[in-house]
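Visitor: I would love a close look at a single part of this model, taken slowly, followed by a short walk outwards from it. Please choose the part yourself and tell me what surrounds it.

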Amino acid sequence: MSGTQPTATLWRDVTLFDGHRTHPEPMAVIVEANRIAQVVPMARADDARLAECREMARGGVLTPGLVDCHTHLVFGGSRADEFEQRLEGVSYEEIARRGGGILSTVNATRAASEDELFAAARPRLEALMAEGVTTVEIKSGYGLTVSDELKMLRVARRLGEALPVRVVTTLLGAHALPPEFANDSDGYIRLVCEEMIPAADADGLADAVDVFCEKIAFSVAQCERVFAAAKDHGLPIKAHAEQLSSLGGSAAAARFGALSADHIEYLDEAGVAALRDAGSVAVLLPGAYHTLRETQLPPIDALRRAGVPMAVATDANPGSSPIFDPTLMLNFACTLFRLTPQEALAGMTAHGAQALGLAEQGLGRIQAGAPADLCLWDVDTPAALAYAVQPGRLRQRIFNGALRHD
Ligand code: NIG
Ligand code: FE
């Protein structure tokens, strides 16, 4: 093929974690345009075919690009003061009841312009990308008016246009009760259902709809109204559920065919069965568990036994998880929740993609036909990514077939 540029690119002799498992022998991965064309053991590769490709690397650990399926990256202000209050013994719930917590971020987010929110969120997203993220979900939920929620979602969409990363947006209007609706939470839920969801849908700004089902947020019945409105608009649903108590939010979400139930420290056996029957993903958020010094563990063994796919995400946000580091979450998932390193990695690849409804396109997997989102790491084994807390091991980040970081 002298004189012509090879069109295919090659990673050879890699240790491959494909989204579900680590292959036992050295592998070759060939990418054509923006898709994975071939995944083959080196011992069985066709040398002539390999020679035609442009070699991108030899050796290293190759994984799918990381999928961070639960973040709140767009927000105004900071909650460092509340961090200090919590250190003095005030609980997350107590801070919320005093009008701080999510509502303090709501005030700062409402006061910020779209450009200011974009400028603040951009380095947060770049921090995730520098540690391997190629797909990220970004929620609204700090606006709590129709226009402020749409503003947040527009910022999320703009981030995806400005940076080489896939952004999936989620409308989280039912995150907290805004002060204008104090004593009228049903009225606020009506606004979410009758105005916010239709407006976000009309502008194509929401890929999914989420709720916070909790005593300090919204009841199961209120969340069900939001789910029904989302379904009317053909939007998939997710839920923050069983984070601080067991209300049955996960089971309610499962009844509506939720993509995922997230947090779930207080999920009971019936909730596990409901997720299993609905094919929903359990999204584990060890950063929030860590930050809130939670002691109730999510029911990992029961989820495992039931075969519920477990995703792992940063939950990056200014309150309960101000942690913008996906590989640290792999470590937390193992150390705090006792996931195996393979489970943690699947949680940030194949299962993260499933929690966003993107598994059918092959996202989060290294297999022929899947989008070529890849990470090449300078580590000895995939498990080492979860074992050591050590930023800077990402050698290459390939987004949509093109090298975006080396
Ligand atoms: O995922 N649980 C509710 N929502 C966020 C917290 C947001 C915040 O504290 O600002 C969460 O933990
Ligand atoms: Fe969250």
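Guide: Happily, and one definition will help: two strands are said to pair if DSSP finds at least two bridges between them. Please keep in mind that this is a predicted model. Let us take the open sheet of 8 strands as our part; its strands follow the order S6-S7-S8-S9-S10-S11-S12-S13, with parallel pairing. At its edges are strand S6 (66–68) and strand S13 (310–312), each of which pairs on one side only. From one strand to its neighbour, the turn averages 25°, with direction ignored.

Now look at one pair inside that order. Strand S7 (residues 133–139) and strand S8 (residues 166–174) run parallel and are joined over 5 bridges. Lys139 gives you a place to put your finger, as Thr170 of S8 stands opposite Lys139.

Next, let your eye move to what lies across these strands. Helix H8 (residues 220–232) lies across S8, strand S9 (208–213) and strand S10 (238–241). Relative to S9, H8 runs at about 175°. Phe227 belongs to this helix, and it makes a good point to stop at. Phe227 counts as buried because 25 other C-beta atoms lie within 10 Å, whereas 20 or more are enough for that label. The C-alpha atoms of Phe227 and Val211 are separated by 8.4 Å, although the two residues are 16 places apart along the chain. Leaving out residues up to four places away in sequence, Phe227 touches Ile237, Ala253 and Phe256.

Another helix worth a glance is H13 (residues 326–335), which is mostly covered, with 7 of its 10 residues buried. Among those buried in H13 are Met329, Leu330 and Phe332, along with Thr327 and Cys334.

There is a ligand to visit as well. Ligand 1 has 14 residues around it, and those that come nearest are Ile102, His240, Asn317, Gly319 and Ser320. The shell as a whole leans polar: 9 residues are polar, 4 nonpolar and 1 charged.

Let us step back to the whole chain. The domain assignment gives domain 1 as 8–64 + 366–403 and domain 2 as 66–361. Their C-alpha centres lie 30 Å apart. Where they meet, 20 residues of domain 1 are in contact with 22 residues of domain 2. On the domain 1 side, strand S5 (61–64), helix H16 (382–387) and strand S15 (394–399) each supply at least two of the touching residues. H16 gives the largest share, 5 residues. By type, this side of domain 1 divides into 13 nonpolar, 4 polar and 3 charged residues.

Two of those elements, S5 and S15, share a partner. S5 pairs with S14 in the antiparallel sense over 4 bridges, and S14 pairs with S15 in the antiparallel sense, also over 4 bridges. Trp377 of S14 lets you trace both links: this residue is the bridge partner of Val61, and in S15 the bridge partner of Trp377 is Leu394. Strand S14 (residues 374–377) is also covered on both faces, with Leu374 and Leu376 buried on one side and Cys375 and Trp377 buried on the other.

Definitions and conventions. Residues numbered from 1 in each chain as written. Chains lettered and ligands numbered in written order. Predicted model: local features only at pLDDT ≥ 70, side-chain atom pairs only at ≥ 80, totals over all residues. Near = placed C-beta within 6 Å. Nonpolar A, V, L, I, M, F, W, Y, C, P; charged D, E, K, R; others polar. Domains from an automatic or database assignment. Contact = placed C-beta atoms within 7 Å. Axes fitted to C-alpha atoms, helices over the stretch in contact; angles between N-to-C directions. Buried ≥ 20, exposed ≤ 12 C-beta atoms within 10 Å, placed from the backbone.
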